[in-house]
Amino acid sequence: NTLTELIFCGPDFGHSQASPISTEDIAASLRAMLEQNTMLEAFELSGHHSLCSSTVVLDISTGLMANRALKKLVLSGQHKNIPFDGMRAVKKMLEHNTTLEHFNLSHYELGSEGARVIAEGLIGNSTLKHLGLVCDSIKGDGMIALATMLQINGSLESLDLEHNPDKWGKNPESVFRMSPSTDMFHLFAASLPKMAGLKTMAIEEVPCNGHEAFLDGVKHNVTLTKISFYTRGMDKGLREQVQFYLDLNRAGRRHLLASVIIPFQRGLWARNLAKVAWDPNRVFYFLENLAVFLQVGT
């Protein structure tokens with residue numbers, strides 16, 4: 001039998017008085033294991049106050065640079081900070097690893113700078129499908145950095161940002177070269193139509209003054225099919241309107257827009273309809289909302 005999944009979850013281990021093992025030794029062992037193992041596909045480390053340290057994150061990330069087997073990595077940090085060296089290792093891992101599809105780095109004090117480093121590492125990544133950054137103290141400028149990355153990266157399909165941001169804040173002119181009074185959330189909403197491939201997204205909430213901007217961004221996005229909001233008390237009307245445009249995307253809005261852009265290509269309409277024909281309800285929805293498709297596609 002071959003071990004393909006390894007999970008360390010719960011109280012700390014390896015620190016008994018009889019045979020104490022340092023965090024550094026464990027981190028080095030994990031790094032060596034990831035560098036040499038060719039069978040392990042999933043690794044999770046959560047709930048360990050000491051083993052979720054920055055040293056472990058650095059060594060695991062370094063070990064994954066050369067790893068060609070692991071597909072899923074989950075690290076939950078018990079609200080620990082990751083210094084510069086650790087985040088630099090995470091960035092290099094994302095730049096060089098070609099097998100990782102699911103990466104969850106949650107409950108760390110990443111902040112906006114950490115989110116920006118991860119975004120930089122993912123610009124050229126073409127294999128990661130899911131990124132989880134739950135409860136990482138990411139503020140508005142970090143959210144903008146991730147949104148900018150998503151305009152370039154077309155392979156990332158799922159992004160979990162629940163319990164972020166702490167504050168959206170205002171746009172710093174020195175960084176984004178726009179008016180300092182521009183609201184961060186409006187910049188995030190304006191990036192939605194430009195996202196290259198994201199299908200599902202989880203966020204904390206939509207600020208009251210951002211409803212119109214967010215709805216307009218979703219209206220012109222053709223890839224998102226699911227958006228989860230952590231705040232359950234959010235405006236019901238906004239939820240319903242957002243869901244309407246997500247349903248259009250599920251029904252094949254992108255295929256129809258391709259037909260509108262290239263209307264003279266023979267058979268394109270038939271082929272695009274065939275792409276959603278596995279679900280008859282989608283075809284009916286596709287045709288029933290033809291006018292809406294054409295309206296929101298420009």
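**Helix packing and local features of the predicted model**

Helix 1 (residues 23-36) packs with helix 2 at an angle of about 15°, and the two axes are 7 Å apart. The model is a predicted one. Angles under 35 degrees count as roughly parallel, and helix 1 and helix 2 are therefore roughly parallel to each other. The crossing of helix 1 past helix 2 is right-handed. On the helix 1 side, the contact involves Thr 23, Glu 24, Ala 27, Ala 28, Leu 30, Arg 31, Leu 34 and Glu 35. These meet Thr 55, Val 56, Asp 59, Ile 60, Thr 62, Gly 63 and Leu 64 of helix 2. By type, the residues of this contact between helix 1 and helix 2 divide into 7 nonpolar, 4 polar and 4 charged.

Helix 2 also packs with helix 3 (residues 84-96). Their axes come within 8 Å and cross at roughly 20°. That angle makes helix 2 roughly parallel to helix 3. Here the crossing is left-handed. From helix 2, the contact draws on Val 57, Leu 58, Ser 61, Thr 62 and Leu 64. From helix 3, it draws on Asp 85, Gly 86, Ala 89, Val 90 and Met 93. The contact residues of helix 2 with helix 3 comprise 6 nonpolar, 3 polar and 1 charged. Thr 62 and Leu 64 of helix 2 are listed in the contact with helix 1 and again in the contact with helix 3.

Ser 61 gives a closer view of this second contact. The residue lies in helix 2, which spans residues 54-64. Its relative accessibility is 2%, so Ser 61 counts as buried. With neighbours within four places in sequence left aside, Ser 61 touches Ala 89, Val 90 and Met 93. Those three residues are among the helix 3 residues that meet helix 2.

A further helix pair lies later in the sequence. Helix 5 (residues 140-150) and helix 7 (residues 184-191) have axes that come within 9 Å and cross at roughly 15°. Helix 5 and helix 7 are therefore roughly parallel to each other. Helix 5 passes helix 7 with a left-handed crossing. Helix 5 contributes Gly 140, Asp 141, Met 143, Ile 144 and Ala 147 to the contact. Helix 7 contributes Met 184, Leu 187, Phe 188 and Ser 191. These residues of helix 5 and helix 7 split into 6 nonpolar, 2 polar and 1 charged.

Val 242 was examined as a single position in helix 9 (residues 236-250). Val 242 is buried, because its relative accessible area is 2% and buried means under 20%. Beyond residues up to four places away in sequence, Val 242 is in contact with Phe 214, Leu 215, Val 218 and Ile 227. One of these contacts, Ile 227, is 15 residues from Val 242 along the chain. The C-alpha atoms of Val 242 and Ile 227 are separated by 8.4 Å.

Two loop residues stand out by their backbone. Most residues other than glycine have a negative phi. Cys 135 is not a glycine, yet its phi is positive, at about 55°. Cys 135 sits in the loop between strand 5 (130-132) and helix 5. Its relative accessibility is 19%, so Cys 135 counts as buried. The cut-off for buried is under 20%. His 163 is also a residue other than glycine with a positive phi, near 65°. The loop that holds His 163 runs between strand 6 (158-160) and helix 6 (173-176). At 29% relative accessibility, His 163 counts as partly exposed.

The chain as a whole has 13 helices and 8 strands. Of its 298 residues, 46% are buried. Contacts between residues at least 6 apart in sequence were also tallied, and 78% of them join residues at least 24 apart. The accessible surface of the protein chain comes to about 14,700 Å². Carbon and sulfur atoms account for 54% of that surface.

How values were computed: Residues are numbered from 1 along each chain as its sequence is written. This is a predicted model: local features need pLDDT of at least 70, side-chain atom pairs count only at pLDDT 80 or more; totals for chains, interfaces and linings use all residues. Side-chain values use heavy atoms; hydrogens and water are left out. Axes are lines fitted to C-alpha atoms, for helices over the stretch in contact, and angles run from 0 to 180 degrees between N-to-C directions. Helices (H or I, at least four residues) and strands (E, at least two) are DSSP runs, numbered from the N terminus. Angles under 35 degrees count as roughly parallel, over 145 as roughly antiparallel, 65 to 115 as roughly perpendicular and the rest as oblique. A crossing is left-handed if the near helix is turned anticlockwise from the far one by less than a right angle, and right-handed if clockwise. Contact means heavy atoms within 4.5 Å. Ala, Val, Leu, Ile, Met, Phe, Trp, Tyr, Cys and Pro count as nonpolar, Asp, Glu, Lys and Arg as charged, and the others, Gly among them, as polar. Buried means under 20% relative accessible area, exposed over 50%, partly exposed in between (1.4 Å probe, protein chains only). Accessible areas come from the Shrake-Rupley method with a 1.4 Å probe; for residues, only the protein chains shown count as cover.
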